[in-house]
Amino acid sequence: MTSGAAVGAPPAAGEPRPVSRTRLQRLLGVRHASDVRQVATLTIYFALLAAMYVVPACRNVPVFVAACAYSFLSAVVGHNTLHQSMFEAKWRNTAVRYLLSFGGLFPISAVIPAHNLVHHHFEDDGQPDWASPVHVRFEWNLLNLLHFPNVAGPLTFNGVTRWAAIRGRRGFRRQYTRELVFAFGLTGLLLLHDFWTGLFFVVLPQLWGARSFLRINIIQHDGCDLASELDHSRNFVGKTFNWFMLNNGFHTVHHNRAGMHFETLADLHAKEIAPRIDARLDEPSMALYLARTYLFRWSRPLPMPSSRAAPSATLPAKEAWTDEDAAAAEPERGRALGEMTV
Amino acid sequence: MLSREVMGIFALGVLWVTALLVAAAAWQDLRDVRGWWRRARRAVRGVVVTGDGDDQTLAEFRVEQRGRATDEARPAIAFHDRAFHSRVHGGTVEIDGRARRLSGPGEVWVEREQRGAAAACPGEAEFDEAYARAICASGFQRDVRVAVRAGDRVVVLGEVEGDAVVASEGPLVVATFDPRRMLSRDAWALALFIPSELLACACVTWVALRPPHFGAVSVLGAILGLAFFLGVTPVAVSLREHVRRPSEAHLRGTWARRAR
């Protein structure tokens, strides 16, 4: 879905925005040509939910499985947009945040403290990351994969609550509360209108997506050397997988250069990461990795030895967390820094 | 076609897998707490005679904290624990009328109230000074320290070997209180949580399956099931945080300016 390099490539710091843009990109008002794929992902997800809710014939296994899968993919879109906003217009970014919150039944802005600020540093100012694999410790490794969201979820929301109570985060709290009300309000209305259909064909996919979004943390980091410059993350480098996953399989480079748009990650991984990373962390297939690690073995694999080097995760110096921040931010400078204008 | 019956069974399956995983995780914590409790039963009690650290300190517990101003109407600082440090400097402890040598490494367990007292705001002037830094980006950093000194009563999780107290079946622990009561309380909390949580899940299942299936009572059961699914994990995580060993239990806390 991406077009030529001149259209698809993100503008570098200080460079003017490319003039040539695809018709679809202009129509949707997205910043990058490849953002059309993110819009398509969300459209497919909400279309699947609507189809199952409205049309009884659509309540079948393939559509339900696809809705669950797209619920997770929409959370991936949420993750991407909170690193770098998708649309030129502020109101579209705000609207998509509400939709994403409904899609996962949690305020998507929680991703800012939980993921951007804590997870990308692999620690909460000295304490473990709220989504660190250390929070589960079953001997049977499959149980760690299954149980992980049960621990990471509450730790994340407790952490977000503590973080949000700090002075100067009133804008974030307002945004978070509005998203929470919208997500639960709309879901509640659907349940009120048709309880069982809403529960089975809206709430279950919502919960699946949100929990898978948490679960991906253990898949991408368990056993890795979090102190290493490169070996802190596991990469899944399959082309088809990354097309659907919006290049989130290239996780090392995403951690090290959080502000980069997803379309640049494959090239950056090939150039900067693949030649230097421990080869075991470049997995060709997530399905094979999951089968090998969680189905065909009992115990948890031993962690990699720590390099004791300081982590090199870098974040933009200033990120726009709220609508108020976004309004105050200088748009061009924001794009150059990879800000999460929301 | 996915019928209501198929989806209902699937949803109940997800509910039960979650309930069982939460119970199994609580069982792991219970196993650990019981292990500490068994060690605490064989603990030795004594009085610190000398300490090798400054000011006759035998051992020290320290929590690194960062405080940040909150958005409360009344000025307040919320503290975040950055790291927990236990240090056994070493020294002699009088046990059964004989002075015995004790040396680290080891953990230091301090009672919740004692840690709270050490972390309390000393006065208004100190609060104002801390608040001025807490509103800055780097926050107000401090160390909360509790020292175990000569004359203090201690309970040591270890074994007497001749004239020394050494680690046995785990790290040496110097506690400023008898931890048996705390460990017993934690073990009971976990032991009660496991069947209660499973019983709650069973009750929800029973209500959801009341005939007529998918009728009004079933709807109530499903709502309770959803509430259980969303609520049981935060409760389990709170319990897990509550039963953390004293050497790594969260201190956190808040300082608030007194009303003038």
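**A tour from the chain interface to a loop**

Begin with both chains of this predicted model in view, and select the place where they meet: 27 residues of chain A are in contact with 31 residues of chain B. On the side of chain A that touches chain B, the elements that give two or more residues are helix H4 (61-83), helix H7 and helix H9 (195-221) of chain A. If you colour these helices separately, turn to H7(A), which gives the most to that side, with 8 residues. Colouring by residue class instead, you will find that the side of chain A that touches chain B divides into 15 nonpolar, 6 polar and 6 charged residues.

Next, keep helix H7 (residues 141-164) of chain A selected and add helix H13 (residues 286-295) of chain A, because these two pack at an angle of about 115°, as reckoned between their N-to-C directions, with their axes 7 Å apart. Show side chains for Asn141(A), Leu142(A) and Leu145(A) of H7(A), and for Thr293(A), Tyr294(A) and Leu295(A) of H13(A), since these residues make the contact. By class, the contact of H7(A) with H13(A) has 4 nonpolar and 2 polar residues, and no charged ones.

Finally, move to the loop between H9 and strand E3 (235-236) of chain A, and select Ala227(A), which is found there. Is Ala227(A) buried, exposed or partly exposed? Ala227(A) has 14 other C-beta atoms within 10 Å, and because a residue counts as buried at 20 or more and as exposed at 12 or fewer, Ala227(A) is partly exposed. To end the tour, add His121(A), which lies 106 residues away from Ala227(A) along the chain, while the C-alpha atoms of the two are separated by 10.0 Å.

Conventions:
Residues are numbered from 1 along each chain as its sequence is written. Chains are lettered from A and ligands numbered from 1 in the order in which they are written. This is a predicted model: local features need pLDDT of at least 70, side-chain atom pairs count only at pLDDT 80 or more; totals for chains, interfaces and linings use all residues. Axes are lines fitted to C-alpha atoms, for helices over the stretch in contact, and angles run from 0 to 180 degrees between N-to-C directions. Helices (H or I, at least four residues) and strands (E, at least two) are DSSP runs, numbered from the N terminus. Two residues are in contact if their C-beta atoms, placed from the backbone, lie within 7 Å. Ala, Val, Leu, Ile, Met, Phe, Trp, Tyr, Cys and Pro count as nonpolar, Asp, Glu, Lys and Arg as charged, and the others, Gly among them, as polar.
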